[in-house]
Amino acid sequence: MSATAAASTPRRGGPTVEEMFARFGPSYRWWVTLAALTGTISCILSSTIVVVALPDIMGALGMGQEQGQLLATGFLAANTGFMLLNAWAVERFGFRLTYVGSISIFILASVVAGVAENANLMIVSRVAQGASAGLLQPLSMQIIFLVFPPERRGTAMGLFSFGVVMAPATGPALGGVLVDSFGWHALFFLSLPTAGLGLLLGLIFMPGRLATGAARPLDWFGCLLLAVAIGGLLSGLTDGQRHGWYSDIVVGKLVAAGVATIGFVAWQRVNPSPLLNLRVFSHMGFAMAALVAFIYGGAIFGSTYLLPLLVQIVQGYTPTRSGLILMPAGFAVAFVFLAAGRMSDFVPPWQPICAGLALFALSCWLISFVGTDTGFWELAFWILVGRVGLGLTMPNMNVGAMRALPPHLLGQGAGASTSSGCWAARWAPI
């Protein structure tokens, strides 16, 4: 949807896109992208930075392995569910109120996590962080497709992705330094400066509500079914290691999750105002991109969670050193994103996606040989190969997925596509 096409909408919850372009000129598209970028960076920092401090946090708060997993998977579970709420929230409240409200909750949850002294409060704070991040992340993709013309969206997505990838590239290393120097509490304050800047920029540059007429009602029953599906699956997979996979409690939770999932899909098909419009998956380009995102999500988040634990617990690395092992790959993929974003404006998306998948498969095969005597730079190189594959795949996958959708499904598509990777990432560490 172009800025001109979207501009005839009424003012509600902030100025229209047309008014913002009239006020700031062509540079507005870059300012609003910067606003979305700073908020997204804050979320990504909070999702990846904790992995280097898990042993310290678990020891300090007396958490077992199952509770420790919830610090990562609880964040991702809430993140996944609330991504599907993004389309409704933007339609109901507009970009500005959705963005400002979400990032405000994120800041509050980060402060609470930073001062938490017990496991339950820490887990609740992480879930709140994940929920607010879930509303924020698809919004960025929607903004880029709203304010940039089709021939410039690939370049914009590449530049945006460059900034986004720099957060996980530097986050674990910075987190390791903070843990070694100030303790794990300091981790949760690292993202506050960018979150505060994002809040300020959002108040200035985010547009209001684009939809005309009354907003569709929230699908409360769909939300309930989704919560049971995610909660039952997460709890069942976590408890399976402790109670046994064939125990009554684990089987009951997994069955409940399966029934709720089937019920959710059936309800979305008949509900006139669904939480997830399943018609997005009738577009083959989008459906295939979502499948690739699912595969990548499980592999990337699983390795991001497991590798820092491996090198700290088995090889005796400090948090700083375990964070540094991810940094070369992060810097490499950030620059690959720039080229890949530009590439998606000129070549068919499937070509760099397939090349990226091949590189990622090679990286996974190499990492399967990791052992107690694997050297720092050897493992860092193995990770780097996979992240270069990620850099080739993600911008082209996102652009290809959104290009396959008609304008009225972009909001639903942004949430569904982004959450596909998080569905896999939610259970990968388990």
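Here a biologist and a modeller talk through the labels used for this predicted model.

Modeller: A word on conventions: this is a predicted model, where local features need pLDDT of at least 70, side-chain atom pairs count only at pLDDT 80 or more, and totals for chains, interfaces and linings use all residues. Residues are numbered from 1 along each chain as its sequence is written, and side-chain values use heavy atoms, with hydrogens and water left out.

Biologist: Happy with that! What makes up the secondary structure of the protein chain?

Modeller: There are 17 helices and zero strands. Helices are DSSP runs of H or I with at least four residues, strands are runs of E with at least two, and both are numbered from the N terminus.

Biologist: Why is H4 called oblique to H5?

Modeller: Helix H4 (residues 54–61) and helix H5 (residues 65–83) pack at about 125°, their axes 10 Å apart. Axes are lines fitted to C-alpha atoms, for helices over the stretch in contact, and angles run from 0 to 180 degrees between N-to-C directions. Angles under 35 degrees count as roughly parallel, over 145 as roughly antiparallel, 65 to 115 as roughly perpendicular and the rest as oblique. The H4 and H5 angle of about 125° falls in the rest, so the pair is oblique.

Biologist: And what makes H6 and H9 roughly antiparallel?

Modeller: The axes of helix H6 (residues 86–115) and helix H9 (residues 192–205) cross at roughly 160° and come within 9 Å. That angle is over 145, so H6 and H9 are roughly antiparallel.

Biologist: Which residues of H9 make the contact with H6?

Modeller: Among them are Leu-192, Ala-195, Gly-196 and Gly-198 of H9, facing residues including Arg-96, Tyr-99 and Val-100 of H6. Contact means heavy atoms within 4.5 Å. The residues of this contact divide into twelve nonpolar, five polar and one charged. Ala, Val, Leu, Ile, Met, Phe, Trp, Tyr, Cys and Pro count as nonpolar, Asp, Glu, Lys and Arg as charged, and the others, Gly among them, as polar.

Biologist: How do you know whether Gly-386 is buried or exposed?

Modeller: Buried means under 20% relative accessible area, exposed over 50%, and partly exposed in between (1.4 Å probe, protein chains only). Gly-386 has 0%, so Gly-386 is buried. This residue lies in helix H16 (residues 376–403). Leaving aside neighbours within four places in sequence, Gly-386 is in contact with Leu-359, Phe-360 and Ser-363.

Biologist: How many residues of the protein chain are there, and what share counts as buried?

Modeller: The protein chain has 430 residues, and 58% of them count as buried.
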